[in-house]
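Student: I have a model open and want to learn how to read it feature by feature. Where do we begin?
Tutor: Put it on screen, and we will start with a pair of strands.

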Amino acid sequence: MLIHPLPDPIAFSLGPLHVRWYGLMYLLAFIQFIWVGRIRIKQPHIAAVGWKKEDIDDMLFYGVLGVVIGGRLGQVFFYDPAYYFSHPAEIIAVWKGGMSFHGGFLGVLIAMALWGRKAGRNLMDIMDFIAPMVPLGYAAGRLGNFINGELPGRVVSDPSLPWAMIWPNVDNLPRHPSPIYQMLVDGILLFIILWLFSRKPRPRMAVAGMFSLLYGCARFFTEYFRVPDYNVTFGGITISAGQMLSVPMIVLGIILLFIAYRHPRKYAGAVDAPPVKAASPAPT
């Protein structure tokens, strides 16, 4: 049976500055955003509509703010408001872990809307473009959760499960390594599917819709293996907080895909062209 190693959360120190593994995972997520983005702009249907390396660098600045602020506020309001309101100084302690993907998702939406307004890009074109660049960053974040010994899994029903793991910071019971499940399914597997889907031209909103649908479904599934932050009950059915927050993403994904293929428009990623002025009448 495996035992969680519970490594030191501090990767290294530079004098009084302590660099944590969790922070390094976020740095890795931002680096892969640039790397995957620069591969994506070389795809013919992406290059044809004017996406450039400078766009990726510019979006990253806005995206970092959206991820960090939205992710932290999501953790505060969605998962443990009572604790954070009684310990307000902890709200800004992002280096200790505790970031909500759903909050970060909303934060990125707002950040990309602001960038799109400045750059003259349609928000849905932006989301279609960046959607395949998100899952690997999410996977890096879940690896950071695992290193921190966060998000322990539920106790396994079969202790002989080869990858069952004891989390010494929780108890001595064999548990599912749920952050690893979410890294592999919600992150890496989702990336592979979405990357293959986005390699061909798709209607506006299709790639973003596919991301929202697949992530919502994947997260709903992997939440079954994780100790819930809390449970909610709808119509006699009990689900976890993470599952509850994933339902709107599933619904949103279905709606976006329906609109995309019911009323297909120009390929996602195109710059909205300025209105064409009517030609002046020829002199007589």
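Student: Which residue stands opposite N231 in β7?
Tutor: This is a predicted model, so read every pairing as part of a prediction. N231 stands opposite S240 in β7. That pair belongs to a ladder of four bridges joining β6 (residues 231–234) to β7, and the two strands run antiparallel.

Student: What do I look for in the turn of β6 and β7?
Tutor: Check the length of the connection, then the sign of phi. Two residues lie between the strands of this hairpin. In the turn, G235 has a positive phi of about 55°.

Student: Where is there another hairpin with two residues between the strands?
Tutor: Look at β2 and β3, where G15 takes a positive phi near 65°. β2 covers residues 10–14 and β3 covers residues 17–20. They pair in the antiparallel sense over four bridges. I10 of this hairpin faces R20 in β3.

Student: How should I picture side chains along a strand?
Tutor: In a regular strand they alternate between the two faces of the sheet.

Student: What is the strand order in the open sheet of three strands?
Tutor: The order is β1-β4-β5, and the pairing is mixed. β1 (2–3) and β5 (174–175) are the edge strands; each has a single partner, so one side of each lacks a neighbour in the sheet. β1 runs parallel to β4 (residues 165–166), with two bridges between them. I3 has I166 in β4 as its bridge partner.

Student: Now helices. What span should helix α1 have?
Tutor: Use the rise of 1.5 Å a residue. For the 20 residues of α1 (residues 21–40), that predicts 28 Å. The end C-alpha atoms are 28 Å apart, which agrees.

Student: Where do the buried residues of α1 fall, seen down its axis?
Tutor: List them, then look at their directions from the axis. The buried residues of α1 are Y22, M25, Y26, A29, F30, Q32, F33, V36, G37 and R40. They fall within an arc of 160°, so they line one face of the helix.

Student: What covers the buried residues of α1?
Tutor: The cover includes β3, α2 (44–47), α3, α6, α7 (135–147) and α8 (178–198).

Student: How does the span test work for α10?
Tutor: The steps carry over. Helix α10 has 22 residues (241–262), with an expected span of 32 Å. Its end C-alpha atoms are 32 Å apart, in agreement. Its buried residues include A241, G242, L245, M249, L256 and A260. The buried residues of α10 pack against α3 (53–79), α5 (101–119), α6 (123–130), α9 (206–222) and β7 (237–240).

Student: Is F220 buried or partly exposed?
Tutor: Compare its relative accessible area with the cut-off: under 20% is buried. F220 has 22%, so F220 is partly exposed. F220 is in helix α9. Setting aside residues up to four places away in sequence, F220 touches I239, Q243, S246 and V247. The C-alpha atoms of F220 and M244 are separated by 8.2 Å, though these residues are 24 apart along the chain.

Student: Which residue does UniProt give as a "binding site"?
Tutor: An unreviewed UniProt entry places that feature at R142. Treat this as annotation, then read the surroundings in the model. R142 is in helix α7. At 7% relative accessibility, R142 counts as buried. Beyond four places in sequence, R142 touches L151, P179, Q182, M183, R219 and R226.

Student: Which residues does the record annotate as "transmembrane region"?
Tutor: The unreviewed UniProt entry gives several spans, among them 20–39, 99–116 and 234–259. Test such spans against the secondary structure. Residues 99–116 are 89% helix and 0% strand, with end C-alpha atoms 25 Å apart. Residues 234–259 are 73% helix and 19% strand, with end C-alpha atoms 28 Å apart.

Student: How many helices and strands does the protein chain have?
Tutor: There are 10 helices and seven strands. The C-alpha trace spans about 90 × 50 × 35 Å along its principal axes. Of the 284 residues, 48% count as buried.

Student: What supplies the area that the protein chain exposes?
Tutor: The chain exposes about 14500 Å², and carbon and sulfur atoms supply 71% of it. Turn to contacts last. Among those between residues at least 6 apart in sequence, 70% join residues at least 24 apart.

Definitions and conventions. Residues are numbered from 1 along each chain as its sequence is written. This is a predicted model: local features need pLDDT of at least 70, side-chain atom pairs count only at pLDDT 80 or more; totals for chains, interfaces and linings use all residues. Side-chain values use heavy atoms; hydrogens and water are left out. The expected span of a helix is 1.5 Å times one less than its number of residues. Buried means under 20% relative accessible area, exposed over 50%, partly exposed in between (1.4 Å probe, protein chains only). Contact means heavy atoms within 4.5 Å. UniProt positions are given in the numbering used here, feature names are shortened, and annotations may be inferred rather than shown by experiment. Two strands pair if DSSP finds at least two bridges between them. Accessible areas come from the Shrake-Rupley method with a 1.4 Å probe; for residues, only the protein chains shown count as cover. The arc is that of the directions from the helix axis to the C-beta atoms.
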